[in-house]
Amino acid sequence: MQPRNMSMSGVVDLAAVKQAQEAKTKAEQARAEAARHGGTGAVSPADLVIDVDEAGFESDVLQRSTEVPVVIDFWAEWCEPCKQLSPVLERLAVEYNGRFLLARIDVDANQTLMQQFGVQGIPAVFAVVAGQALPLFQGAAGEAQIRQTLDQLVQVGEERFGLTGLVVDPEAEPGAERPAAPERPAGPHDAALEAAVRALDAGDLGGAVQAYKNVLAEEPGNTEAKLGLSQAELLQRVQDADPQRVRQDAADKPGDARAQIAAADLDLVGGHVEDAFGRLIDTVRVTAGDDRDAVRLRLLELFEVVGADDPRVTAARRALARALF
């Protein structure tokens with residue numbers, strides 16, 4: 001199965017975003033409660049590093065990313081930098097004690113996954129959090145940089161998604177079957193939201209847009225539908241675009257609002273969040289009237305796609321304020 005919303009790599013999230021402190025508190029409480037009850041569902045340290053293939057991607061990565069951030073290490077036997085990076089990631093997976101799960105993917109045996117993630121070279125490290133993929137870094141990064149990136153990933157998992165992580169028991173048998181997670185009660189709009197996701201997976205962007213609108217017509221405050229609609233509309237805008245022509249047009253017309261807006265959409269879809277924001281903020285500075293307002297409104301729409309509490313959005317809002325006033 002194709003990773004959901006892979007075309008939105010670098011943009012988090014389609015799950016309902018919880019209040020940061022509340023989610024973090026719940027995550028800590030859940031881990032403590034599991035530990036008090038003898039580590040029910042605990043895994044062994046050996047289970048914190050797994051090898052994943054295309055057949056097991058949905059269960060081993062997508063599904064498990066709803067309880068713990070999954071870090072993906074794309075590697076190959078012939079890759080010398082991989083032989084330096086992979087042991088560091090494996091050691092840190094054990095050291096972080098269940099705060100993230102490391103999934104190793106051999107690119108030679110899993111070309112489809114490599115293509116779906118847009119991997120251009122290895123080693124390449126991605127993460128999947130609550131079903132959403134985002135790039136972390138490429139190449140044999142230093143341990144200090146890796147730790148900083150993992151700390152940020154764990155924080156996002158806890159504060160934005162309430163992910164509890166895995167309870168680790170050194171005495172647990174490696175590979176022991178974990179008990180199934182309790183099912184979440186179905187919400188009144190789950191069927192419509194699932195229909196929207198199916199439409200996205202099938203490439204039916206118009207159907208996804210309409211499905212999200214149907215939910216919002218009945219529940220205007222539905223966070224997942226708002227975010228899903230913003231993402232689906234963005235993908236719909238770039239669906240038939242010629243990237244080379246759009247980028248050339250933007251390069252030739254640095255002060256043209258329409259050209260820069262189109263290029264910013266492509267930037268965001270490609271995961272280049274700061275580039276998209278910076279492009280539009282620069283355009284705000286050199287435009288006026290209706291053009292300036294159109295650029296500002298598109299920037300606000302892209303803020304919604306990324307999420308209001310994303311630090312990149314916070315920084316861009318400040319930069320926009322300076323550009324406007």
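Student: In what order do the strands of the open sheet stand, and what makes the pairing in this sheet mixed or otherwise?

Tutor: In this predicted model, the five strands of the open sheet follow the order S1-S3-S2-S4-S5, and their pairing is mixed. Strands S1 (49-51) and S5 (132-138) each have a single partner strand, so they stand at the edges with one side left without a neighbour in the sheet. From one strand to the next the twist averages 25°.

Student: How do you know that S2 and S3 pair, and which way do they run?

Tutor: Pairing requires at least two bridges between two strands, and six bridges join S2 to S3 (residues 101-106), the two running parallel. Within this pair, Asp 73 has Arg 104 of S3 as its bridge partner.

Student: What joins S1 to S3?

Tutor: Three bridges join S1 to S3, again with the strands running parallel; against a requirement of at least two, S1 and S3 therefore count as paired. Val 49 is the residue that stands opposite Leu 102 in S3.

Student: Why is strand S2 called largely enclosed by the rest of the structure?

Tutor: A residue counts as buried when its relative accessible area is under 20%, and six of the six residues of S2 (residues 70-75) are buried, so the strand is largely enclosed by the rest of the structure. Val 70, Ile 72 and Phe 74 point one way while Val 71, Asp 73 and Trp 75 point the other way, and all of these are buried. For the protein of 325 residues, the buried share is 47%.

Student: Why are helices H3 and H5 called oblique to each other?

Tutor: Helix H3 (residues 80-95) and helix H5 (residues 143-161) pack at an angle of about 45°, their axes being 11 Å apart. Angles under 35 degrees count as roughly parallel and 65 to 115 as roughly perpendicular, and an angle of about 45° fits neither range, so H3 and H5 are oblique. The crossing in which H3 passes H5 is right-handed. On the H3 side the contact involves Leu 85, Val 88, Leu 89, Arg 91, Leu 92 and Glu 95, and on the H5 side Glu 143, Ile 146, Arg 147 and Leu 150. By class, six of these contact residues are nonpolar and four are charged, with no polar ones.

Student: What is the direction of H5 relative to S5, and which strands does H5 lie across?

Tutor: H5 lies across S2, S4 (124-129) and S5, and runs at about 165° to S5. Since angles over 145 degrees count as roughly antiparallel, H5 is therefore roughly antiparallel to S5.

Technical notes
Residues are numbered from 1 along each chain as its sequence is written. This is a predicted model: local features need pLDDT of at least 70, side-chain atom pairs count only at pLDDT 80 or more; totals for chains, interfaces and linings use all residues. Side-chain values use heavy atoms; hydrogens and water are left out. Axes are lines fitted to C-alpha atoms, for helices over the stretch in contact, and angles run from 0 to 180 degrees between N-to-C directions. Helices (H or I, at least four residues) and strands (E, at least two) are DSSP runs, numbered from the N terminus. A crossing is left-handed if the near helix is turned anticlockwise from the far one by less than a right angle, and right-handed if clockwise. Contact means heavy atoms within 4.5 Å. Ala, Val, Leu, Ile, Met, Phe, Trp, Tyr, Cys and Pro count as nonpolar, Asp, Glu, Lys and Arg as charged, and the others, Gly among them, as polar. Buried means under 20% relative accessible area, exposed over 50%, partly exposed in between (1.4 Å probe, protein chains only).
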